[in-house]
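Colleague: Please give me a close look at one part of this model, the aromatic side chains and how they are arranged.

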Amino acid sequence: TGFNWELGPFEMFDAAGVLRSVRARRIADAGSPKALPPAGHRVSGLVMACALGRQLLTEGKLPDFWPAATPLKIVIAEGEPDFFAWATRWSDAELTAPAVMGIVAGSWTPEIAERIPREATVIIWTHHDAAGEKYCATIAATLKGRCTVLRGGYR
């Protein structure tokens, strides 16, 4: 018997926080696609974002409600399952939970990096494989000097 279930849809936002596409994730028998954007749409320059992540993209600064003494943390996760796991880790009542953004191949751009507040600590939580290390290097390079960047995950 096959293992078959779906996650999504996942909204995909541009650097200005505008909804531009959606993406679905299927975890199924070998041979079927894992994830697909809608026909005729790409994910280049688009990220998944929790509510706070989308607000950061839209405004490019700390939200007015953010307590001055509380550091802003942003988790950048690779793929839909990891984004989903991080984005649902905290209660909606937790006002200072980390912002969570999710990336796939081609998602991250310098324009998105510009929307990350300088006060933030960014935790890059990509896979420790060739693709994940490449994503990490790209993200870290675009954020260099803008904010604190940490590497998450296990080897």
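Modeller: Happy to; here is a walk through the aromatic pairs, one at a time.

This is a predicted model, where local features need pLDDT of at least 70 and side-chain atom pairs pLDDT 80 or more, while totals for chains, interfaces and linings use all residues. Residues are numbered from 1 along each chain as its sequence is written, and side-chain values use heavy atoms, without hydrogens or water.

Searching the whole structure gives 5 aromatic pairs (ring centres of Phe, Tyr or Trp, using its six-membered ring, within 6.5 Å; planes under 30 degrees apart are stacked, over 60 edge-to-face, the rest tilted). One of them joins Phe10 and Phe83 edge-to-face, with 6.1 Å centre to centre and 75 degrees between the planes. Phe10 sits in strand S1 (residues 5-13) and Phe83 in helix H2, so this pair ties together parts 73 residues apart in sequence (DSSP runs numbered from the N terminus: helices H or I, at least four residues; strands E, at least two). Phe10 is buried, with a relative accessible area of 5%, and Phe83 is buried at 8% (buried is under 20%, exposed over 50%, partly exposed in between, with a 1.4 Å probe and protein chains only). Trp86 and Trp125 also pair edge-to-face, at 4.9 Å centre to centre and 65 degrees between the planes. Here, too, distant parts of the chain are linked: Trp86 belongs to helix H2 and Trp125 to strand S7 (residues 121-125), 39 residues apart. Trp86 is buried at 12% relative accessibility, whereas Trp125 is partly exposed at 22%. Coming back to the phenylalanines, Phe10 and Phe83 form one aromatic cluster with Phe84.
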